[in-house]
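Got the viewer open and a hand on the mouse? Let's take a walk through this one, stop by stop.

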Amino acid sequence: IRNPPSLRFVLLVAILARLLLLPSTPIQEDDVYRYMWDGRVCAAGVNPYSFSPQEIEEARRSLEPRPAEDLAALDDLDRLSRRTASTQTIFSRINNRRYATIYPPVVQAIFGSFGISVPAGWPVALQVLCMKLFLSVFDVATIFLLLKLLRDTGQSTGLVLAYGWCPLVLKEVSNSGHMDAIPVAFLVAALIFLFQRRGFFAGLLLGLAIGAKVYAVLLLPLFLCRLGRRSAALCIVGCLIVLGGAHVAAGDGAGRFRQTLLEFALNWENHDAFFFWLQGAWRWIVASCGDFSVGFATFAFTHVGGVTTIRLGALEAQSTLAYMLALATVAVILSTCAIWATRRVAEKSPAEVIRRVFIVLACLFLLGPLGFPWYFLWCVPFLPFARLRSWRLLVVILPIYYLRFWFYYHHESGVGGFERGVDIFDYVVVNLEFGLFFAVAGAELLWRRRQESISGCAIT
């Protein structure tokens, strides 16, 4: 971004834009209602991982015998769900009702703060506003933390507008109220301490980022390799303190939480292009695969009748063989990328380190099965450090995701040879959307490589 405006003007516009959007109703998003329900559950002293909304509803009319402890908890949750008219509305709007919450203990603490401080009888719209205010604290904190990061790396502070003015950030936090603002703030703060070589605090904050959303674990090797031996040890200690505390906080629900995460990892796919084609390739390869079973110790992998089951100790989930193989392939690629990011990282400038952080995170969301726009909030703070301008194009085109709802509402019975309207989006629009980005990024990379060969300057 050349010649950014003055810092005062950038901050003023960023804050005003957030204030204008905070009272708005979330557009085509309902995750915020799960956050609010989790907050109410935590505030009531009940483990949020114990039961799903569907189980609570079924317990009202079920005669199936249950342990007395479960009955008491379900009875408490049932009463909580009907405590006020607003709570009933919030409970009814929770998505993916058959799943217990997938949100880790670190964010549950923040949701619980909402449950304690915001009266349950307030109107739903006012409670949504309050939850978005909680999340906006982290969003605004990211702006000021990014200012510090830009100063420390010798960049123009005006470049904070890449995050502060980003329409994607404004939509996904100030309007939709997505919790990704929380781990992003922790990650940016962790990087500040990383460059100060304060390993313990860097580890604490990275642990908070991982404890808020596990994706940040990919950056742990980079942190450790950047720090000296003593600081790296302190980083591990700080990280383990947070994650150990989070595990203790999960209590008896830790096993259920891990089960829900496993099911989520093996069965959720949306707004993806690379993974879609990768899975299709694996589907063609394993088309004639017969039944088989592999297992040892606490691990088992079986493929029977086209259904693949994976068991990890007490955890078990089912998916398709092609999906699991595609997921394993992406895991290998991401692991390779995370290892590449550590290469001679101790010798690199802070700006180069941040660029590697950006590449690892961008690859995670570009290659994986879930390319939701709000997932890319992890990448936006680091856009000023990205060398390819085409990354900015990606941020601009990601909101095309919301076109999916138009196809759902207007062509529910199908159109253009597709059984469902959303199939046009999933199979055509998404590939055009990401195909455009990959084409532009590839062309820019080739052009830069050509310039590199002429001038001898590195441009990766």
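Before the first stop, one bit of vocabulary: two strands count as paired if DSSP finds at least two bridges between them. Also keep in mind that this is a predicted model. The protein chain has an average pLDDT of 92, and 97% of the residues score at least 70.

**Stop 1: the first hairpin**

Select 292-296, which is β1, and then 299-304, which is β2. These two run antiparallel, joined by five bridges. Want a pair to look at? Put Ser293 on screen and you'll find Thr302 of β2 opposite. The two strands make a hairpin with two residues between them, and Ala297 in that turn has a positive phi of about 50 degrees.

**Stop 2: on to β3**

Now add residues 307-312, strand β3. How many bridges hold β2 and β3 together? Six, again in the antiparallel sense. Phe301 faces Ile310 of β3 across this pairing. Here too a hairpin with two residues between the strands makes the link, and Gly305 in the turn has a positive phi of about 60 degrees.

**Stop 3: β4 and its two faces**

Bring in 315-319 for β4. β3 and β4 are antiparallel partners over five bridges. Ile310 turns up again, this time with Ala317 in β4 as its bridge partner, and Leu312 stands opposite Leu315. The hairpin between β3 and β4 has two residues between the strands, with Gly313 at a positive phi near 65 degrees.

Show the side chains of β4. Which ones are buried? Leu315, Ala317 and Ser319, which point to one face; Glu316 and Gln318 point to the other and are not buried. In a regular strand, side chains alternate between the two faces of the sheet.

**Stop 4: the whole sheet**

Zoom out to see the four strands together: they form an open sheet in the order β1-β2-β3-β4, with antiparallel pairing. β1 and β4 are at the edges with a single partner strand each, so one side of each has no neighbour in the sheet. On average, neighbouring strands are turned by 10 degrees against each other, direction ignored.

Next, pick 254-267: helix α14 packs on the sheet and touches β3 and β4, its direction making about 15 degrees with that of β4. Then try 321-341, helix α16, which lies across β1, β2, β3 and β4 and runs at about 110 degrees to β4.

**Stop 5: helix α10**

Leave the sheet and select 181-195, helix α10, where confidence is highest in the protein chain at a mean of 98; the lowest is in helix α4 (68-81), at 85. From first C-alpha to last, the 15 residues of α10 reach 22 Å, close to the 21 Å expected at 1.5 Å a residue. Most of this helix is covered, with 14 of its 15 residues buried. Following α10 you'll meet Arg197, which has a positive phi near 55 degrees.

**Stop 6: the cores**

The largest nonpolar core has 119 residues, and among those with the most contacts inside it are Leu149, Ile182, Leu187 and Trp391. α10 gives the most to this core: 13 residues. Centre the view on Leu187 and look for its contacts farther along the sequence, including Leu206, Phe223, Leu361, Trp378 and Phe382.

For a last look, select Val46, Leu77, Leu80 and Ile94, which belong to a second, separate core of eleven residues.

Terms used: Residues are numbered from 1 along each chain as its sequence is written. This is a predicted model: local features need pLDDT of at least 70, side-chain atom pairs count only at pLDDT 80 or more; totals for chains, interfaces and linings use all residues. Side-chain values use heavy atoms; hydrogens and water are left out. Axes are lines fitted to C-alpha atoms, for helices over the stretch in contact, and angles run from 0 to 180 degrees between N-to-C directions. Contact means heavy atoms within 4.5 Å. pLDDT is the predictor's confidence in each residue, from 0 to 100. The expected span of a helix is 1.5 Å times one less than its number of residues. Buried means under 20% relative accessible area, exposed over 50%, partly exposed in between (1.4 Å probe, protein chains only). A nonpolar core is a set of buried Ala, Val, Leu, Ile, Met, Phe, Trp, Tyr and Cys residues joined through side-chain atoms within 4.5 Å. Lists of a residue's contacts leave out its neighbours within four places in sequence.
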